[in-house]
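I opened this entry to record what I looked up, working from one aromatic side chain outwards to the strands and then to a loop.

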Amino acid sequence: MCAALLLLPAGAAAQASGYSAVPIAMPAKANVMTRATLWKCAGDTCTTPQSDERDAVLCQLAAREMGILTAFTARGAPFDADALARCNARAR
């Protein structure tokens, strides 16, 4: 496992253990805070390396702060359409 991580680019290794959210409209600020989780936004994606929140709760918090999300990935696994719809029910 460690050897495999060494072969991945730094961003890919962080993506596999972190979270990403793609809002319809990017936040005005490059950093977004949800409870105790700091998201860094660049391009069309906001990312955070880790969180103590459950995946579904973290998605809902992100949607509440960033607006409707077109995609959400938790530890390398994208949310399916149903999970994303439940998440977006909390969007601002």
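I began with Phe-79, which, leaving aside its neighbours within four places in sequence, is in contact (heavy atoms within 4.5 Å) with Asp-55, Ala-56, Cys-59, Phe-72, Ala-74 and Leu-84. I noted that this is a predicted model, in which local features need pLDDT of at least 70 and side-chain atom pairs count only at pLDDT 80 or more, while totals for chains, interfaces and linings use all residues. Residues are numbered from 1 along each chain as its sequence is written, and side-chain values use heavy atoms, with hydrogens and water left out.

I then looked up the largest nonpolar core (buried Ala, Val, Leu, Ile, Met, Phe, Trp, Tyr and Cys residues joined through side-chain atoms within 4.5 Å, buried being under 20% relative accessible area with a 1.4 Å probe, protein chains only). This core has 18 residues, and Phe-79 is among those with the most contacts inside it, together with Trp-39, Met-66, Leu-69 and Phe-72. Its largest share, five residues, comes from α3 (helices are DSSP runs of H or I, at least four residues, and strands are runs of E, at least two, numbered from the N terminus).

Next I followed β5 (residues 69–74), which pairs with β1 (residues 19–23) in the antiparallel sense over five bridges, where pairing requires that DSSP finds at least two bridges. β5 also forms a hairpin with β6, with two residues between them, and Arg-75 in the turn has a positive phi of about 50°.

Finally I checked Ser-51, in the loop between β4 and α3, which counts as buried because its relative accessibility is 18%.

Notes:
Buried means under 20% relative accessible area, exposed over 50%, partly exposed in between (1.4 Å probe, protein chains only).
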